[in-house]
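User: Please take a close look at one part of this protein and describe it in connected prose. I would like to follow the reasoning from residue to residue.

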Amino acid sequence: MPPCIRTSIHSTQIASLPGVPLMTTQQVEFTEQELLADHTVTEPLIAGGVRCHGGFDDQGRYVSPRTRFRVPGIEAWQQQHREQFGTEILDLPLETWPEHFPNVAQARYLIEAGVPEPLIATLTRIGTVEGFGANIRHLQPQGLQRHFDESIKGTTIDHLGKGLFEAHGRDEAGWEQEAGHKDMWFAARDVAFENPTANVDIEGMLQRMGFGQGGPGANGAPARLLPDDIDPNLELIAGLMTRVLLIEISAFHTFKWAEAWLSDSKLVAGDGEAAKLVSYIRADETPHVGYLKTALTEMRDRTWIGESGKKYAGTEMIGTVWDRALENSLGAGREATRKATLGEVEHWVSKKANGRDILEQFHALDGGAQQEAVA
Ligand SMILES: [Fe+2]
Ligand SMILES: [Fe+2]
């Protein structure tokens, strides 16, 4: 594994912070109601006839939902952590992951060759995965202080079960009358391909891509990695947060990819509306990445307390969980998605008389990513 990946999880001491006050004076305690509160918007977001979350301010700028206190809260918790622990917030560059498969050239080619269905399937799969992201709200952590030696008062950790997981869940799956990311991706698909669900069997697509019973998202609890003495629920929380964080960061490849071809009005319908919708989803993801990496950093830099009272270094606990999640994200997990996507391409291309030629050209546009995936 390249050193840049391994070191990213470990604490980076901040040598000096000139001009930074000793203690943050910003608000670090929030009620659940505050963390779920919206900014005032002057115009709601309606896409493809669907009322979505978020909206536009009086300057016409898109405003993400539930960010009135959540965004300043994340900034304050990060600043507080730097001051209290002298370490930087963990991060991982987007370049850790290869670009999206199929790539932009392949996506364009499929549409131009009259085989848009694998793209319709991919947008459906992304929306479905976004919906699964809402599962994070079921964690409902309470009383996390007993697992840590240092105080967690006024931290991201302390707010996970007091609005942060709930806000995340609402953003992904929608809330009350407002559609979330799941339906926003479906709306982008329906705008770009003019309601393809009327003539494509979406359920069949999802089944083929492994989203039937027992498919992704229906997995049981993962095997334990940390000492038995560590509360299994704490490991579950840290593990899920890490996996979701890696999905959230790597998804920025997906946004760039989707916006590139959905914005081409010669290629798809909607005069760029679908691409704009994806850009709004992208904006909403920034606080997800923000609070997840802050909470994991706070856990990394604290001392963990086992059920027996024994103490464990947070760097080791989070490091173990992190290494396993990253290995899966770059290896088996990515390969499974790629295989399912390629299967869908082959399925639809085989229905064309010149299917063999289309598939050959599709692979020729891969730019070497296929060989790299096998290596
Ligand atoms: Fe999302
Ligand atoms: Fe997200």
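Analyst: Phe 148 and Trp 304 are both buried in this predicted model. A search of the whole structure finds 12 aromatic pairs. Phe 148 and Trp 304 form one of these, an edge-to-face contact with 5.7 Å from centre to centre and 80° between the planes. The contact links distant parts of the chain, since Phe 148 belongs to the loop between α5 and α6 and Trp 304 to strand β4 (residues 303-305), 156 residues apart. Phe 165 and Tyr 291 also pair edge-to-face, because their ring centres are 6.2 Å apart and their planes meet at 70°. Phe 165 is in helix α6 and Tyr 291 in helix α10, so this pair ties together parts separated by 126 residues in sequence. Phe 165 counts as buried because its relative accessible area is 2%, under the 20% limit; Tyr 291, at 0%, is buried as well.

Helix α10 (residues 273-300) also holds Glu 285 and His 288, three residues apart, or about one turn of the helix. Glu 285 is buried at 2% relative accessible area, and His 288 is buried at 0%. Each serves as a donor to the iron ion (ligand 2), together with Glu 172 and Glu 248, with the protein donors at 2.0 to 2.5 Å. Glu 248 appears twice among these donors, through OE in each case, whereas His 288 contributes ND1. In sequence, the donor residues of this ion follow the spacing E-x75-E-x36-E-x2-H.

The iron ion (ligand 2) lies 3.2 Å from the iron ion (ligand 1), and Glu 172 coordinates both. The protein donors of the iron ion (ligand 1) are Glu 130, Glu 172, His 181 and Glu 285, at 1.9 to 2.2 Å. The spacing of these donor residues in sequence is E-x41-E-x8-H-x103-E. The four donor atoms subtend angles of 79 to 159°, so the arrangement is irregular; a tetrahedral assignment would require all angles to lie between 85 and 135 degrees. Glu 130 is in helix α5 (residues 117-133) and Glu 172 in helix α6 (residues 156-173), so this pair ties together parts 42 residues apart in sequence. Glu 130 and Glu 172 are both buried.

A further ring contact involves Arg 170, whose charged end sits over the ring of Trp 175, 3.6 Å from the ring centre.

How values were computed. Residues numbered from 1 in each chain as written. Chains lettered and ligands numbered in written order. Predicted model: local features only at pLDDT ≥ 70, side-chain atom pairs only at ≥ 80, totals over all residues. Heavy atoms only, no water. Donors = N, O, S within 2.8 Å, 3.2 Å for Na, K, Ca; no water. Helix = DSSP H or I, 4+ residues; strand = E, 2+ residues; numbered from the N terminus. Buried < 20%, exposed > 50% of the residue type's maximum accessible area, 1.4 Å probe, protein only. Tetrahedral: all angles 85-135°; square planar, octahedral: opposite > 155°, others 65-115°. Phe/Tyr/Trp six-rings, centres within 6.5 Å; stacked < 30°, edge-to-face > 60°. Lys NZ or Arg CZ within 6 Å of the ring centre and 35° of its normal.
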